[in-house]
Amino acid sequence: MSAIHTLACFLLWISFATQNKTPDVTVTCFVSEECLLPCSFQPGSKETIEWFKQDAEFYKFKRDDDDDDDDEDDDDDDDEDDDDSSEEHKTDDDRASIVPELISRGNATLIIKGSTLKDRGTYRCHVNTSKGEHNAKVIVKVQAPIRGLSVELSRLSGYEEMKCIVRNVFPAPRVTWATEPPTFEDLRPVTRMLADKQKLYSVDSRLKRLNGHPDLIYICKVTSSYGGPTWTASLRERVEIKGTEGRDLTIPCHAPPYLNKPSLNWSFSNSEDPSHILTYNSRSGDSTSSSYWDNHVELDGFRVPFGDGSLRLMDPKHSEHTGSYTCVFFIPYTTHTERTEVTIKNPAEEQILSKEPSYWWIVGLVIALLVLALVGLLAYLKVKGRNPKCRNDTEAPTELHLVKDSTADSNLNESSPLTAGDTNGQSGPQTSTQLT
């Protein structure tokens, strides 16, 4: 019975200990933003609040007041007593603080302004009041989330390559590439991640542009190792479009199929700074454009939510509308960019150029004459080379025949009976028989 009684007391003690223990709190803060470390306690008086980081004192707040006098006439004095407090910092700067007005409500939340990666760690809140003590543990994680992602075309390496850029992130993210439509070629990007003095990463991932796919969409995806949304940016460099001054022209812009009801933004750039053309919001259906482009562009807003943001350029001018047109589809965490070079020709200049005398026919005539002369020379050399050879070939057999005939006659006249009929060692006997 005593064993059962001991076990019951032990379980009851564990129950009370568990109820009095405050569970650990995990807080995720973002670089350069305000970080709140919660700490709640039972209100009392003469509070002393201490915050520790890794068991080293980080921040201290102490207030001395007298709550023994509860008369209503002393309310003003109590207010003045609330202001009679002392505050002590153990941080390198004045980024850490609490709100004194919230202490009477049992709130000792620590505020850290402009969080950095150095603020990561385990914090402990210790509060001592007239009614007892309170402890709480807070685990702080600090990260620099992805704020933006861009993909652009670069030619600095001697060839065309797509460049995906992310800046000031922590921890180091994961970068992947894809194409739309998919290709059977093996994508081999080169990704570099560099950390600055604050240990924030800048990511530069490059993928060589594939040959034979001029209208391909290149897609870069970046994911943080702490979780959170995946950021996606894609780019398509379209083939140059040529138009004529005064004639309407359609500039294509189509979103990839994975974008659902995106909004759209059009911009234009030439030798001057980029200028805004129009923006279409798919949620509200509103379209806003700059005053200059009102009379020169037209957009079918009903097609934009379905991924068709083609822009109709009306009455274009050579000097004003020749340049680079960029359309950007966007939804949260995802953007798709298409860039098109447009050249507007001036009909008057084309007519002037067509009326000007051209001397290219002279160059062509000279080349043709040179080719004919070269062909004639080669034919002459070929014919001349054949005649001596033919003559030598006909004379050679004749002379050889004469030499053979003379040699044969001399042999018949001067040869002996034995040598005249000697053929492979079999004509000897025949010759001797004839002589007998």
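## Strand S19 and its partners

In this predicted model, strand S19 (263-269) pairs with strand S24 (residues 323-331) in the antiparallel sense over seven bridges. Within this pairing, serine 263 stands opposite phenylalanine 330 of S24. S19 also pairs with strand S20 (residues 275-280), again in the antiparallel sense, over five bridges. Here phenylalanine 268 faces serine 275 of S20 as its opposite residue. S19 and S20 together make a hairpin, with five residues between them.

Five of the seven residues of S19 are buried, so the strand is largely enclosed by the rest of the structure.

## The sheet S18-S23-S22

An open sheet of three strands follows the order S18-S23-S22, with antiparallel pairing. Its edge strands are S18 (249-251) and S22 (297-299), each of which pairs on one side only. From one strand to the next, the twist averages 25°.

S22 and strand S23 (residues 311-313) run antiparallel and are joined by three bridges. Valine 297 stands opposite leucine 313 of S23. Leucine 313 also belongs to a nonpolar core of 23 residues, which is taken up below.

## The sheet S2-S7-S6

A further open sheet consists of three strands in the order S2-S7-S6, and its pairing is antiparallel. S2 and strand S6 (96-97) stand at the edges with a single partner strand each, so one side of each is left without a neighbour in the sheet.

Three bridges connect S2 and S7, which pair in the antiparallel sense. Leucine 37 has leucine 110 as its bridge partner in S7. Both residues reappear in the description of the largest nonpolar core.

## Nonpolar cores

The largest nonpolar core has 29 residues, of which Leu37, Ile49, Trp51, Tyr59, Leu110, Tyr123 and Val140 touch the most other members. At least two residues of this core come from each of strand S1 (25-30), S2, S3, strand S4 (56-63), strand S7 (110-112), S8 and strand S9 (132-143). S9 gives the most, with four residues.

Leucine 37 illustrates how these elements meet. Apart from its neighbours within four places in sequence, leucine 37 is in contact with Trp51, Thr109, Leu110, Ile112, Tyr123, Val138 and Val140. Another core, of 23 residues, lies apart from the largest one and includes Leu249, Leu313, Tyr325 and Ile344. In soluble globular proteins, nonpolar side chains tend to be buried together.

## Disulfides

A search of the whole structure finds four disulfides. With the bonded cysteines of the protein numbered in sequence order, the pairing is 1-2, 3-4, 5-6, 7-8. Three of these links are described here in turn.

Cysteine 39 and cysteine 125 form a disulfide with their sulfur atoms 2.0 Å apart. The link of cysteine 39 and cysteine 125 is left-handed, with -75° about the S-S bond. Cysteine 39 lies in the loop between strand S2 (35-37) and strand S3 (48-53), and cysteine 125 in strand S8 (residues 121-129), so the pair ties together parts that are 86 residues apart in sequence. Both cysteine 39 and cysteine 125 are buried.

In the disulfide of cysteine 164 and cysteine 220, the sulfur atoms are 2.1 Å apart. The torsion about the S-S bond of this pair is about -80°, so the disulfide is left-handed. Cysteine 164 belongs to strand S11 (residues 161-169) and cysteine 220 to strand S15 (residues 217-223), so the pair ties together parts that are 56 residues apart in sequence. Cysteine 164 and cysteine 220 are both buried.

Cysteine 253 and cysteine 327 form a disulfide whose sulfur atoms are 1.9 Å apart. The torsion about the S-S bond of cysteine 253 and cysteine 327 is about 90°, so this disulfide is right-handed. Cysteine 253 lies in the loop between S18 and S19, whereas cysteine 327 lies in S24, so the pair ties together parts that are 74 residues apart in sequence. Both cysteine 253 and cysteine 327 are buried. S24, which carries cysteine 327, is also the strand that pairs with S19 over seven bridges.

How values were computed:
Residues numbered from 1 in each chain as written. Predicted model: local features only at pLDDT ≥ 70, side-chain atom pairs only at ≥ 80, totals over all residues. Heavy atoms only, no water. Pairing = 2+ DSSP bridges. Axes fitted to C-alpha atoms, helices over the stretch in contact; angles between N-to-C directions. Disulfide = S-S within 2.5 Å. Buried < 20%, exposed > 50% of the residue type's maximum accessible area, 1.4 Å probe, protein only. Core = buried A, V, L, I, M, F, W, Y, C linked by side-chain atoms within 4.5 Å. Contact = heavy atoms within 4.5 Å.
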